[in-house]
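User: Please take a close look at one loop of this model and set it against other parts of the chain. Explain each term for someone new to it.

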Amino acid sequence: MQRTFKVLLLFCFLTTQGFAQTFPLQSLEKIFAPQDKAVIYIANKIITMDDDKPTATAVAVSGDRIVAVGTLEEVKNALNGQGFNIDKRFTDKIIMPGLIDPHLHIFLLAFLAPTYFITPDDWDLPWAQIKGISGHDSYMKKLRETESLMKDKKEWLITWGYHQYFHGKISRKELDEISLTRPIIVWHRSFHEIYLNTAAINAMKITEEKIKGHGLASEQISLAEGHFWEAGFIYLSYNFLMHHIASPLRFWRGLKMCKEYLSGGGLTTIADPGIELPNSAMLMIKLVFDNDQTPFRSLCIASGQAIYDKYGVSKTLEETEKRLKENGHRVYFQPKQVKLYCDGAAFSQDMQLKDGYTDGHKGAWIQTPEELETCARLYWNAGYQIRVHVNGDLGNDVLIGILGKLMKENPRKDHRFTFDHYCVSTPEQAKQIAKLGGLVSVNPYYVYVLSDLYSQFGLGPERGQHMVRCNSLLKNNIPLSLHSDTTMAPARPLYLAWCAVNRLTMSGKVAGPDERIGVKDALKAITINAAYVLQKEKEIGSIVPGKIADFTILEQDPLTVDPKQLKDIPVWGNIFEGKIYPNKFKGRVGMYSKREMEKLENDPADINAKGGNNHDDLCTVNQILQKSVRDQAATSQ
Ligand SMILES: [Zn+2]
Ligand SMILES: [Zn+2]
């Protein structure tokens, strides 16, 4: 591992040298390029998400800005003598503001992309079309098939997506039946548990001796079962797993796959709350994402928890500010925004609930309420927008309490304190959050993938059916935004809109029909309201003159299709900062060619050539994995 990170630093160094040489030329081009002609795009319909002029048929773009919106005649007149070209390629299409996902995790997605997805739910990926699988036999059959198709006998089989509620209990013995020689790693859908076969245990040199005497971690490992969970999983990650699987080249390949995937869903802005990586890994993200070939921008939000843990009260703010120094054009940290953590995950039933779980198990805190309050106060008094991962109704109560205290001590206007995820809540809590001026960004996919199950296990029907109360939030005029928390949910905003509008579960039933929302509100939640939660509503999120020309081009009108078809609307492509990016992914689901796959696996030469141009949920495991990579980077320097 030490060696690989040094190699990584070297690649990054070489590639940044390449940047330095080409930059002055690009600047000259910008100065002398004729910028005076506008382009008028004509569409079947333009959904502006601007209440003053909700629809239009023409939009004029000059450089990277929207200059006029209306009918073709209105737009021509508004150009006031400025030259223009008319682009008719979208005449039969729908133009929307560029779609925004305000909460997903680049690092984890890149880390997982090269693994084999065997999941309960479907995933349309550029390199594979994954059909959800349930039942123990079907799961084992798929795993066996996957293994038998792997040509390289030495390659490790790493699969993600197993969940015992869907796939039944698995064990080391069963994995050994698949292969005694190939290391197999089965990563839980929630990320915080892993199963290993004997070959993997041996390859990582894990022994009974080594895992003894580590307190809670040792209790949360069963070597006989090949099972590592909670603290045992963290122990495994730090001490064995990452050394074997977190190589920079793997990360590089994963980032490229991640970019292909994100490009396909019409996203023009993504945000990653809680990112804290070594400079070398951040540089890799920039190399892959911060160039002209990328049709979206990536906003990073500092992990207040990681910074606080490392530097303590006195240096936390200063360190947070430092993250802004290396900002690029498409990849940058948002000033005065920070991510903190309240209770545990929805996927693993670790959220904190007022009335507990039906089977009596307990939830968990990620940051204790005391620590969370200390961190929140620090950032609050420094004028930060605070985004908090919170899932259960007890978590909400704690957070409402903290926000209430902070507002009393030091009242702030427009603070945009945000509750992120909001799995289990009460209608009363929506009222309280509204009163305090808070925002809520939800993951509506929970309803689709977990409502059926949690109504039976852990939550019971009342709470299980009413997860993610979108309508209660809207009734209290809270600007609702939707996020994927990818890979918790697919990074497909129209899919998230479909979840919030229909509240259909995996079995096809409607869960908590009173919490469904209208299509228009769902579209707001993936455009203008998602911009608002990121403090970007003055620049993006609607089609209004003066804003950045970010559009998502759709083949069908989301306002007129059957709402049950929302998730299936094909995305033609994006216009990002005035430049057109047709969707490479379109119609090619699962059709990545062998050559393209090999390209993704490419070597340093490719990096040089192309470079010039978390029982926790994803958030927490994201923190853990990032930390282990950071620690490894630190020891190699
Ligand atoms: Zn989270
Ligand atoms: Zn998250």
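Analyst: **The loop around Gln535**

Gln535 is partly exposed, because 16 other C-beta atoms lie within 10 Å. (A residue is buried with 20 or more other C-beta atoms within 10 Å of its own, exposed with 12 or fewer and partly exposed in between, C-beta atoms being placed from the backbone.) The model is predicted: local features need pLDDT of at least 70 and side-chain atom pairs 80 or more, while totals for chains, interfaces and linings use all residues. Residues are numbered from 1 along each chain as written, chains are lettered from A and ligands numbered from 1 in the order written.

Gln535 belongs to the loop that runs between helix 22 and strand 22. (Helices, H or I of at least four residues, and strands, E of at least two, are DSSP runs numbered from the N terminus.) Although Gln535 is not a glycine, its phi is positive, about 60 degrees. Most residues other than glycine have a negative phi, and most peptide bonds are trans.

Lys538 is found in this loop too, between helix 22 (528-533) and strand 22 (551-554). With 12 other C-beta atoms within 10 Å, Lys538 is exposed. From Lys538 to Ile528 the separation is 10 residues in sequence and 9.4 Å in space, C-alpha to C-alpha.

Another positive phi occurs at Met49, which is not a glycine and has a value of about 60 degrees. Met49 sits in the loop between strand 1 (38-47) and strand 2 (55-62). Met49 counts as buried, because it has 20 C-beta neighbours inside 10 Å.

A further loop, between strand 21 (480-482) and helix 20 (493-502), holds Thr487. Thr486 and Thr487 are joined by a cis peptide bond, with omega about 15 degrees.

Helix 16 (residues 427-435) adds a view of buried side positions: its buried residues are Gln429, Ala430 and Ile433. These pack against helix 15 (393-409), strand 19 (418-421), strand 20 (439-442) and helix 19 (470-475). (Two residues are in contact if their C-beta atoms, placed from the backbone, lie within 7 Å.) After helix 16 comes Gly437, with a positive phi near 75 degrees.

Contacts also tie Ala497 to other parts of the chain. Its neighbours within four places in sequence set aside, Ala497 is in contact with Leu482, Ala522, Leu523, Ile526 and Leu566.

As for the whole, the protein chain has 25 helices and 24 strands, and 52% of its 637 residues are buried.
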